[in-house]
Amino acid sequence: MRIHFTGVDLGRIRVSAEPDLLWETLLAAHMVQTGQGPLIFGEWRNRVRGGLTDPMRRILALAPPRGYSPDFLTPPEAAEGLESGLDAMLSLPRGRLRHDLELLAPDRRDLHFVRALAGGEAAPLRALGDGITAFHDMAVRPYLGKLSEHISADRAVRSQSILHSGGEHLLATLHPAVRWNPPVLEVAIPGTTEDVYLEGRGLRLVPSFFCWRAPTVLRDPLLPPVLVYPIVHDPAWLLDVHGDRRARGEPPLAALLGRTRAEVLEATARGCTTSELARRVRIAMATASHHATVLRDAGLITTHRANGRAYHTLSFLGRELLNGRRLIAPDAAG
């Protein structure tokens, strides 16, 4: 997808400060149907799958793990909260509802619940709203503290980028699947080759916890423009919710990097100064600075200085390593 900016649009880039709960719910519905990100989402996925009910499966019917999901599931009003988003969805014109459902893949479009929804009656739409709420309450709401923490950390990094280098640098460093080729933002989204002209509407950037590997967008270019992109995850995030990570064994990268250095890398995923890093890992400032230097020399983190302080963030290589990706292709392995 190619998103065309004007000079006005560059001044109207906005980064969401809080999780967009309908986007997170939709993307969680995608994630629970895949095997992606086992290090990050494997245990969460097992917990969610074990608690699925028939009402919750309504959102799964509309959210295939790959391909199109109806735009009406993530209305712009959801930026104001879950209730506002659901109210907007429930008051959707029936013509728009049918239009979006017709774009689903045939195997989803022909499901009994989806056909009933496309019929335009109020009861199936209310049932969908109930199912979305139930799925959100089970799969997303218990983890909102961690979602907010991760998204706030990402937003802090983006804010630093804008302050020090401007909006164009923010776009150029947003994600490996995004390339800034002024005045066009090129986004690698499988199966999408469209052009979107912002024409002064600006662009809302939505950092997302459950978005994985590639950014995503709304299909209809006439809707308020939004780009949802993946953030860096702390692999032990679920341990903070369901138990003390220190009581559950070594960090995932401890065998490779050593326990303290692995914790330093994980803490850097949220972006931090050296003093914040020392406080998070509970080590001395000099020790934090030493480990940050080693990780920076290895290409796993980057550091920039402002107002006398060093601010550390993950590099692309560090992001890939922390998220558990394979960095060497199978045919290149020795």
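**Exercise 1. Which residues lie nearest the centre of the largest cavity, and how many residues line the largest cavity?**

Solution. The structure is a predicted model, and a search of the whole of it finds three cavities of 30 Å³ or more. Begin with the largest cavity, whose volume is about 110 Å³. Its lining consists of 13 residues, and those nearest the centre are V196, V217, L218, P225 and V226. Sorting the lining of the largest cavity by class then gives 12 nonpolar residues, no polar residues and one charged residue.

**Exercise 2. Describe the largest pocket by its volume, its lining and the elements that supply the lining.**

Solution. The first step is the volume, which for the largest pocket comes to about 840 Å³. The second step is the lining, made up of 31 residues, with R66, G67, I189, P215 and T216 lying nearest the centre of the pocket. The third step assigns lining residues to elements: α2 (21–32) and β7 (216–217) each contribute at least two, and the largest share, five residues, comes from α2. The last step is the division by class, in which the lining of the largest pocket has 17 nonpolar, nine polar and five charged residues.

**Exercise 3. Treat the second largest pocket in the same order, and find which element gives the most to its lining.**

Solution. The second largest pocket holds about 540 Å³ of space. It is lined by 27 residues, and the closest to its centre are V157, R158, T173, T313 and L314. Two or more lining residues are given by each of α10 (144–165), β10 (301–306), β11 (309–314) and α17 (316–322), and the element that gives the most is α10, with nine residues. By class, the lining of the second largest pocket has nine nonpolar, 14 polar and four charged residues.

**Exercise 4. What geometry does the pair of F5 and W180 have, and where in the chain do the two residues lie?**

Solution. A search of the whole structure finds 10 aromatic pairs. For the rings of F5 and W180, the centres are 5.4 Å apart and the planes stand at 90°, so the pair is classed as edge-to-face, given that planes over 60 degrees apart receive that name. Next, place the residues: F5 is in the loop between β1 (2–4) and α1 (7–10), whereas W180 is in strand β3 (residues 178–181), and the pair therefore links distant parts of the chain, 175 residues apart. Finally, both F5 and W180 are buried.

**Exercise 5. Work out the geometry and surroundings of the pair formed by F209 and W237.**

Solution. The rings of F209 and W237 lie 4.8 Å centre to centre with 80° between their planes, an edge-to-face pair. Because F209 lies in the loop between β6 (203–208) and β7 while W237 lies in helix α12 (residues 237–242), the pair ties together parts that are 28 residues apart in sequence. For burial, F209 has a relative accessible area of 0% and is buried, and W237, with a relative accessible area of 0%, is buried as well. Widening the view, both residues belong to a cluster in which ring pairs link F41, W44, Y143, F209, F210, W212 and W237.

**Exercise 6. Where does the charged end of R219 sit?**

Solution. The charged end of R219 sits over the ring of Y68, at 5.4 Å from the centre of that ring, a distance that satisfies the cut-off of within 6 Å.

Terms used
Residues are numbered from 1 along each chain as its sequence is written. This is a predicted model: local features need pLDDT of at least 70, side-chain atom pairs count only at pLDDT 80 or more; totals for chains, interfaces and linings use all residues. Side-chain values use heavy atoms; hydrogens and water are left out. On a 1 Å grid over the protein atoms alone, a cavity is a set of points where a 1.4 Å probe fits but cannot get out, and a pocket is an open set with protein on both sides within 12 Å along at least five of seven lines; lining residues have an atom within 4 Å of a point. Grid points are joined across faces, edges and corners, and a volume is the space filled by probe spheres set on the points. Helices (H or I, at least four residues) and strands (E, at least two) are DSSP runs, numbered from the N terminus. Ala, Val, Leu, Ile, Met, Phe, Trp, Tyr, Cys and Pro count as nonpolar, Asp, Glu, Lys and Arg as charged, and the others, Gly among them, as polar. Rings of Phe, Tyr and Trp (its six-membered ring) pair if their centres lie within 6.5 Å; planes under 30 degrees apart count as stacked, over 60 as edge-to-face and the rest as tilted. Buried means under 20% relative accessible area, exposed over 50%, partly exposed in between (1.4 Å probe, protein chains only). A charge sits over a ring if NZ of Lys or CZ of Arg is within 6 Å of the ring centre and within 35 degrees of the ring normal.
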